[in-house]
Amino acid sequence: MELYQFRRKTLESDVEIKLNYFGFGIFKIKTFIFFFDHIFSQFINYSLFDCYLRCYSDLKIDSHHSLEDISISIGLLLKKKKINRYNSFQLCMDDSFILMSIDACNRIYYFDNFVHLDFDIQLLREFFSVFAKNYKCCIYIHCYYYINKHHLIESIFKIFGIIFNNSKKNSLFNSTKGYI
């Protein structure tokens, strides 16, 4: 068991995360953003982390601050554990077909090819771009196809979990510089 904890308290939110890196996918998530609870549980389930996540925030305004501060927190928490440098996975789920790649290179970059930027997709983009900044990685999300936005977002969080689960198997930090 490798247990990591992190708490972030601002004027906009109060986030507490406890994460067992080598777990079974057991979770207790309470953010009061029910769709996010559902999709974040996909990440935990597929990563095989055990996770307690609690977030109180200014939901009367919207869910932006919650997702931003959760993303900051999970990025900083996972930064404590090194993963393989290069990680990619493709997933087809129902009507969505997605590719995600993460380069844990200690540099920051985020790319996606989403064209329709409604509120949910903007929050998804914000979550992963903030994660890239705090985890210090490059993230590429390429959507080949989707019809149902729920399936799109759910499949992205499943891939995110699969990538972290697969990265536990090896610890390869390849760099011609000798360090990352």
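In this predicted model, Lys-81 and Glu-2 form a salt bridge, with 3.2 Å between the closest N and O atoms. The pair links distant parts of the chain. Lys-81 sits in the loop between helix 2 (64-78) and strand 5, while Glu-2 belongs to the segment before strand 1 (3-9). The two residues are 79 residues apart. Glu-2 has a relative accessible area of 25% and is partly exposed.

This salt bridge is one of 11 in the structure. Side chains of opposite charge can pair when their charged atoms come close. A further pair is formed by Arg-8 and Asp-69, whose closest N and O atoms are 3.0 Å apart. Arg-8 lies in strand 1 and Asp-69 in helix 2, so this salt bridge ties together parts that are 61 residues apart in sequence. The burial of the two partners was also computed. Arg-8 is partly exposed, at a relative accessible area of 25%. Asp-69 is buried, at 2%.

Glu-16 forms a salt bridge with Arg-54. Here the closest N and O atoms are 3.1 Å apart. This pair, too, links distant parts of the chain. Glu-16 is in strand 2 (residues 13-20) and Arg-54 is in strand 4 (residues 50-57), 38 residues apart. Arg-54 has a relative accessibility of 8%; because buried means under 20%, Arg-54 counts as buried. Both residues also belong to a network of salt bridges. Its other members are Arg-7, Lys-9, Asp-14 and Lys-18.

Strands 2 and 4 are part of an open sheet of 4 strands. The strand order is 1-2-4-3, and the pairing is mixed. Strand 1 and strand 3 (27-30) are the edge strands, each pairing on one side only. On average, neighbouring strands of this sheet are turned by 5° against each other, direction ignored. Strand 1 and strand 2 run antiparallel and are joined by 7 bridges. Within this pairing, Tyr-4 stands opposite Leu-19 in strand 2.

Two helices pack on this sheet. Helix 1 touches strand 2, strand 3 and strand 4. The direction of helix 1 makes about 155° with that of strand 3. Helix 2 touches strand 1, strand 2 and strand 4. The direction of helix 2 makes about 35° with that of strand 2.

Ser-41 is a residue of helix 1 (residues 34-47). With a relative accessibility of 8%, Ser-41 falls under the 20% limit and therefore counts as buried. A polar atom of the Ser-41 side chain lies 2.5 Å from the backbone oxygen of His-38. With neighbours within four places in sequence left aside, Ser-41 is in contact with Phe-27 and Ile-29. Strand 3 spans 27-30.

A second group of strands was examined next. Here 4 strands form an open sheet in the order 5-6-8-7, with mixed pairing. The edge strands are strand 5 (86-93) and strand 7 (109-112), and each pairs on one side only. Neighbouring strands of this sheet are turned by 10° against each other on average, direction ignored. Strand 7 pairs with strand 8 (residues 138-145) in the parallel sense, over 4 bridges. Tyr-109 has Cys-138 as its bridge partner in strand 8.

Helix 3 (residues 119-135) packs on the sheet and touches strand 6 (96-103), strand 7 and strand 8. The direction of helix 3 makes about 155° with that of strand 7. Helix 4 (residues 149-167) lies across strand 5, strand 6 and strand 8. Helix 4 runs at about 40° to strand 6.

The largest nonpolar core holds 50 residues. Of these, Phe-40 and Phe-128 touch the most other members. The contacts of Phe-128 were listed with neighbours within four places in sequence left aside. Phe-128 is in contact with Met-100, Tyr-110, Ile-139 and Ile-141. Its contacts also include Ile-156, Phe-157 and Phe-160.

How values were computed
Residues numbered from 1 in each chain as written. Predicted model: local features only at pLDDT ≥ 70, side-chain atom pairs only at ≥ 80, totals over all residues. Heavy atoms only, no water. Core = buried A, V, L, I, M, F, W, Y, C linked by side-chain atoms within 4.5 Å. Buried < 20%, exposed > 50% of the residue type's maximum accessible area, 1.4 Å probe, protein only. Contact = heavy atoms within 4.5 Å. Pairing = 2+ DSSP bridges. Axes fitted to C-alpha atoms, helices over the stretch in contact; angles between N-to-C directions. Polar contact = N/O pair within 3.5 Å; in protein donor to acceptor, adjacent residues only side chain to side chain. Salt bridge = Lys/Arg side-chain N within 4 Å of Asp/Glu carboxyl O.
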